[in-house]
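I set aside some time today for a look through this structure, and these are my notes. Follow along with the viewer open if you like.

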Amino acid sequence: MFELLGIPPQVMMGQLLLGLINGSFYAVLSLGLAVIFGLLNIINFSHGAQYMLGAFVAWMLLTYLGLGYWWALVLAPVIVGATGLALERVALSRLYHLDHLYGLLLTFGVALIIQGLFRNYYGISGQPYQIPGALAGGQNLGFMFLPNYRAWVVVASVVVCFGTWFMIEKTRLGAYLRAATENPVLVGAFGINVPRLIALTYMFGVGLAGFAGVLAAPIYSVNPNMGADLIIVVFAVVVIGGMGSIMGAILTGYGIGLVEGLTRVFYPEGSAVVIFVIMAIVLMIKPEGLFGRTA
Amino acid sequence: MATTETISNAAPAARSAGMPTLHKAIFAVLLLVLVALPFLVYPVFAMKVMCFALFAAAFNLLLGFGGLLSFGHAAYFGGASYVAAHAAKVWGFTPELAVLTGTAAAAVLGLAIGFLAIRRQGIYFAMVTLAFAQMVFFFALQAEFTGGEDGIQSVPRGDLFGLISLQNNLVLYFFVLAITFGGILLIYRIIHSPFGQVLKAIRENEPRAVSLGYHVNRYKLMVFVLSATLAGLAGATKSQVFQLASLTDVHWSMSGEVVLMTLLGGMGTIFGPLVGATVIVTMQNYLATLGAWVTIIQGIIFVISVLLFREGIVGVISRWLRRPL
């Protein structure tokens, strides 16, 4: 079939894999945005900066403390999440009574500060981060060569995404969370500490961004601008999927990654803008997003 | 939004015919200062401030009076600056025609993006406009005529109406003054027109405006296109001043800067964006040698403005004077 279209299968599968990798990052990042949006009703503009922070924390743990990739995979999301928790307590929580756009503006300012600070101290050239030994090398699948680390990224993101989905949709904690999304006052009346739930939710969402950053560190060079442009694409993904559903955010993330990969095979010039074109089409046909609820 | 109070004060002034005396006086003093300015400071710097003041005022028309937060206004500002630069350099248009062509391009772009963006509200609206602006950025990066990373350089200044040479900074200054001051007066007129009053009604209570029979989306699209067009006018003019159109003007950070200018000066006020633009451009000018610190300082101003200073500079003065400004 591939030969019929004049595309060698290696090229096709290679680009699809690349699309799936990008899709993994879109999925984890848009999932974090959706979790935060669900409860806080703000769009976390500093999500890209926090993703970058995750990659930098991993790099710092290795460079300054000698802690390797596996430690970073656990510690970096916690550290990034903790900075998020501080941000929520100190600043964001003061804005909930205002128009939600102020949350967007505040987190935009925070993103500028974080990115500016790292650009100041580490420049824009980027720091290399080695692929961990256990995941070096790759598998020859016959029709293509699959680097182990890339396979790991896909697996890890799928596990985290579906773990999050399970936690929110199937557990008691998730039930509180969904209830607080619908009606925070009533949930508070039942004795749940809603402000704490909100703070921990923000921490969790930001932690997801940090986790994505650690996953990205060995693939892309660790540099202060790595999140800035990515987050705009993730915003488009979120608009396409609609933030109403957790599963919607996950599926849209992977789906858009694959579509982008396919575009790179058939029409390389369009790969940078295909997401925005899809967004325009979705806005025309189903403005609330593929999985969105009418606002 | 926090500006609601300021604007509802503006209502009686708008209903009586003409401009209140205070506003007339401020515009008159402003014009006097601007006429004297090129003899006091470097004219190119003053022109930069004026272009950004018009840009911020156009943005404020949408945010402060239409209640719509666009996070992609760089697309119209930068897009118009590319088209104007191309028109002047390649097609050999005279400056006024080049500026008009750029402005028209921004209007068309605003119509296309606005048509799609007004289908979503609030936070989604901001994300949609940002995403489309990023598309314009990619286009500017890849298209042939924009010159990629180099941009369009050494745009000729040309002769105004084919008669008056704009080579001299001082002559150019008065050309820019006429455009930007005229643009800002036009925005003032729009805000205080019946159209502006309907916009206010929509922003305050959209379902009610619908129930009164207004086609809300038409008004939203109209104000979006007006705002994009005037932002384009500012961008097109800037390309003639600096003889350059570059990626900086279409980058998302430019969209952020205009939000910052408006927020700092006071959104929903007439004069706030002008003050905000002056402060930010002056700051960038003096801190240019500090590199990344400019971004950090802008971020800090953002955070402080949102947390503690939501009325903005002019908003606070307006509250002290108990007059809408």
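Before anything else I fixed my criterion: I call it a salt bridge when a side-chain nitrogen of Lys or Arg is within 4 Å of a carboxyl oxygen of Asp or Glu. I also kept in mind that this is a predicted model.

**Entry 1: salt bridges**

I began with the pair Asp249(B) and Lys238(B), and found their closest N and O atoms 3.0 Å apart, so by the 4 Å cut-off they form a salt bridge. The two partners are 11 residues apart and link distant parts of the chain. I placed Lys238(B) in helix H10 of chain B, and Asp249(B) in the loop between helix H10 (216-242) and helix H11 (252-265). Buried or exposed, I wondered about Asp249(B) and Lys238(B)? Both turned out to be buried.

Next I searched the whole structure, and seven salt bridges came up over all chains. I noted two more of them.

- In chain A, the side chains of Glu88(A) and Arg89(A) meet with 3.0 Å from N to O. Glu88(A) has a relative accessible area of 0%, so I list Glu88(A) as buried, while Arg89(A) is partly exposed at 41%.
- In chain B, Glu204(B) and Arg203(B) meet through their side chains at 2.5 Å, N to O. Here Glu204(B) is partly exposed at 41%, and Arg203(B) is partly exposed at 22%.

**Entry 2: a buried acid without a partner**

Side chains of opposite charge can pair when their charged atoms come close. With that in mind I turned to Glu96(B), in helix H5 (residues 95-117) of chain B. Which side chain of opposite charge is nearest to Glu96(B)? I found Arg157(B), 13 Å away. Glu96(B) is therefore without a salt bridge, since the cut-off is 4 Å, and Glu96(B) is buried all the same.

What I did find is a polar contact of 2.8 Å between the side chains of Glu96(B) and Thr94(B). Setting aside residues up to four places away in sequence, I saw Glu96(B) touching Asp159(B), Leu160(B), Phe161(B) and Phe175(B).

**Entry 3: Thr263(A)**

I then moved to helix H10 (residues 246-266) of chain A, where Thr263(A) sits. Thr263(A) counts as buried because its relative accessibility is 14%, below the 20% limit. A polar atom of the Thr263(A) side chain lies 2.6 Å from the backbone oxygen of Val259(A). Apart from neighbours within four places in sequence, Thr263(A) contacts Pro268(A), Gly270(A), Ser271(A) and Val274(A).

**Entry 4: Met135(B) and chain A**

I found Met135(B) in helix H6 (residues 122-142) of chain B, partly exposed at 26%. Which residues does Met135(B) contact, leaving aside neighbours within four places in sequence? I listed Val273(A), Phe276(A) and Val277(A). I also checked Val250(B), 115 residues from Met135(B) along the chain, and the two C-alpha atoms are separated by 9.9 Å.

**Entry 5: a nonpolar patch**

Last, I looked at the surface of chain B and came across a nonpolar patch of about 540 Å². Leu31(B), Val35(B), Phe39(B), Leu40(B), Val41(B) and Phe174(B) make up this patch. I singled out Phe39(B), in the loop between helix H2 (21-36) and helix H3 (43-65). Phe39(B) counts as exposed because its relative accessibility is 56%, over the 50% limit.

Notes:
Residues are numbered from 1 along each chain as its sequence is written. Chains are lettered from A and ligands numbered from 1 in the order in which they are written. This is a predicted model: local features need pLDDT of at least 70, side-chain atom pairs count only at pLDDT 80 or more; totals for chains, interfaces and linings use all residues. Side-chain values use heavy atoms; hydrogens and water are left out. Patches are made of residues with over 30% relative accessible area and no salt bridge: like charges are joined within 9 Å, nonpolar side chains (Val, Leu, Ile, Met, Phe, Trp, Tyr) within 5 Å. Accessible areas come from the Shrake-Rupley method with a 1.4 Å probe; for residues, only the protein chains shown count as cover. Helices (H or I, at least four residues) and strands (E, at least two) are DSSP runs, numbered from the N terminus. Buried means under 20% relative accessible area, exposed over 50%, partly exposed in between (1.4 Å probe, protein chains only). Lys and Arg count as positive and Asp and Glu as negative; His and the chain ends are not counted. A polar contact is a pair of N or O atoms within 3.5 Å; within protein, one must be able to donate a hydrogen and the other to accept it, and residues adjacent in sequence count only if both atoms are side-chain atoms. Contact means heavy atoms within 4.5 Å.
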